[in-house]
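The following exercises are to be worked through with the sequence and the structure at hand. Each task is followed by a solution in steps.

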Amino acid sequence: MDTSATLPFEIEISSNDENVTEISQHALLGDDPNAQIPPHECEGIRCVCWPCIVVSAGIYVGCSCCLRQKRYQPMNRMFEIAVTILRAGAHNCGRCFCTLRLITDSPIGIVPSWLPTLPKVNVSTNKTAPGGGEWVWPPPDDGKSLPVCHRYLPYESDLPDDPQQLENLGNPERVILYLHGGGFVLCSSKTHRSLLMMLSDCTGATILSPNYRRPPEHPWPVPVEDCVASYRWLIEVGKLDPSKIVFAGDSAGGGLVVATMAKAREEGLPLPAGGIMWSPWLDLTDSFSGTWTTNQDTDFLPRDWAYKFSMAYAGGKDRLAEASPGNVNLEGLPPLLVEVGDAECLRDSALVWVERAKAAGVDVEAVVSDGMVHVFPLFAIFANKDLPPHQSYERAASFVDKVLGVCSDSESLTSGELV
């Protein structure tokens, strides 16, 4: 059957690896008027109406619990309200980068470190390693952490246990280099502060989350080079053993995990012990097929964002495949933990890449969580303790222990559907 007349994308088959047949689906999004992507031409009107739309969506979910069927069955009420508000905001806000960054880069997008649902770990502005961002680390063994007044904002002064004092960096002997998501063009360590704090608390690791330079001002490969520079600093200046370092990232940052590994290997650096990839964005050439379309009613990630962001990151349509993190050489990559939500747009593309990585000999554990949306661990501050966002942190802690040799391979990552 000739599919070229019926599918909204072209299928291109190439064989860069003799053991793996790579399939790239080139979405015609933005070129095809029948792609059914809603126009966002009236930026001014959207900016005026956007707050009302977002607030109305939250009120609707919060006040109609007896009058409507839940859209997200596994979620408690606060969890569902948070996802609904984010979905309404993402699908109805303006599409220019300045509008989006006004939301994510201003105080609106900054997560206060004093929220009562967050663990009492330390947060400090990064002033030593390349890229800025933040350091997050657990309290010392004596249980002392920052005074409450200093947990409101990242602490600016030196502390006895601050990892930026290099003698403290290897204590405890586990460090996570966290690469934040945001479609490559949005967000920072501040927007992901709740995730960083919970990840540090559950793993007991010191975390460096750099703010790599973002497109469109700095297209690929600049973000990858910045992440490699942070990793190089940990090894060469911080004097850390790479076997005690784990990469982690979400969405675009999940893609940067493997892209940074491949670039580090190319530059002759030893690879880290492993990588955690939450809802990784790996294929920039496809923003239409599979769950990109079927999960648009449940996920908060609009597919027109994906096309716009991927073009900005790659620096042009002709570089999409080359810039896609999923197309890097997988030879010799360390163990990886990949987590996706069953209701998110990136599910299909992530799982296709998982199978490719396994075929290339990479040790990959993939978990699909029922009913969860894109980067669902971010919503742990709203979720009940028995729900997948908290379970994902438990799996991350088990994975870190395993790759650092603290526990045996026989200790399984519980909860979720293993792929």
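**Exercise 1. Describe the surroundings of Ser279, beginning with its side chain.**

Step 1. The side chain of Ser279 reaches the backbone nitrogen of Val375 at 2.9 Å. A polar contact is a pair of N or O atoms within 3.5 Å; within protein, one must be able to donate a hydrogen and the other to accept it, and residues adjacent in sequence count only if both atoms are side-chain atoms.

Before continuing, the basis of the values should be stated. This is a predicted model, in which local features need pLDDT of at least 70 and side-chain atom pairs count only at pLDDT 80 or more, while totals for chains, interfaces and linings use all residues. Residues are numbered from 1 along each chain as its sequence is written, and side-chain values use heavy atoms, with hydrogens and water left out.

Step 2. Ser279 lies in the loop between β8 (274-278) and α7 (291-294). Helices (H or I, at least four residues) and strands (E, at least two) are DSSP runs, numbered from the N terminus.

Step 3. With a relative accessible area of 1%, Ser279 is buried. Buried means under 20% relative accessible area, exposed over 50%, and partly exposed in between (1.4 Å probe, protein chains only).

Step 4. Residues up to four places away in sequence are not counted here; beyond them, Ser279 touches Ser251, Glu339, Val340, Glu344, Leu346, Val373, His374 and Val375. Contact means heavy atoms within 4.5 Å.

**Exercise 2. Determine how α4 and α11 cross, and which residues meet.**

Step 1. Helix α4 covers residues 193-203 and helix α11 residues 388-403; their axes come within 9 Å and cross at roughly 50 degrees. Axes are lines fitted to C-alpha atoms, for helices over the stretch in contact, and angles run from 0 to 180 degrees between N-to-C directions.

Step 2. This angle makes α4 oblique to α11. Angles under 35 degrees count as roughly parallel, over 145 as roughly antiparallel, 65 to 115 as roughly perpendicular and the rest as oblique.

Step 3. The crossing of α4 past α11 is right-handed. A crossing is left-handed if the near helix is turned anticlockwise from the far one by less than a right angle, and right-handed if clockwise.

Step 4. From α4, the residues Leu195, Met198, Leu199, Cys202 and Thr203 meet His390, Tyr393, Ala396, Ala397 and Val400 of α11. The residues of this contact of α4 with α11 comprise eight nonpolar, two polar and no charged. Ala, Val, Leu, Ile, Met, Phe, Trp, Tyr, Cys and Pro count as nonpolar, Asp, Glu, Lys and Arg as charged, and the others, Gly among them, as polar.

**Exercise 3. Apply the procedure to α5 and α6.**

Step 1. The axes of helix α5 (residues 222-236) and helix α6 (residues 252-266) come within 9 Å and cross at roughly 70 degrees.

Step 2. The two helices α5 and α6 are therefore roughly perpendicular to each other. α5 passes α6 in a right-handed crossing.

Step 3. Val224, Glu225, Cys227, Val228 and Tyr231 of α5 make the contact with Leu256, Ala259, Thr260, Lys263 and Ala264 of α6. In this contact of α5 with α6, seven residues are nonpolar, one is polar and two are charged.

**Exercise 4. Which peptide bonds from Pro215 to Pro216 and from Trp220 to Pro221 are present, cis or trans? What is the phi of Cys187 and of Lys239?**

Step 1. Most residues other than glycine have a negative phi, and most peptide bonds are trans.

Step 2. The bond from Pro215 to Pro216 is cis, with omega near 5 degrees. The bond from Trp220 to Pro221 is cis, with omega near 15 degrees. Pro216 is in the loop between β6 (206-209) and α5, and Pro221 is in the loop between β6 and α5.

Step 3. Cys187, although not a glycine, has a positive phi of about 70 degrees. Cys187 sits in the loop between β5 (175-179) and α4 and counts as buried at 15% relative accessibility.

Step 4. Lys239 has a positive phi near 60 degrees. Lys239 is placed in the loop between α5 and β7 (245-250) and is exposed, with a relative accessible area of 66%.
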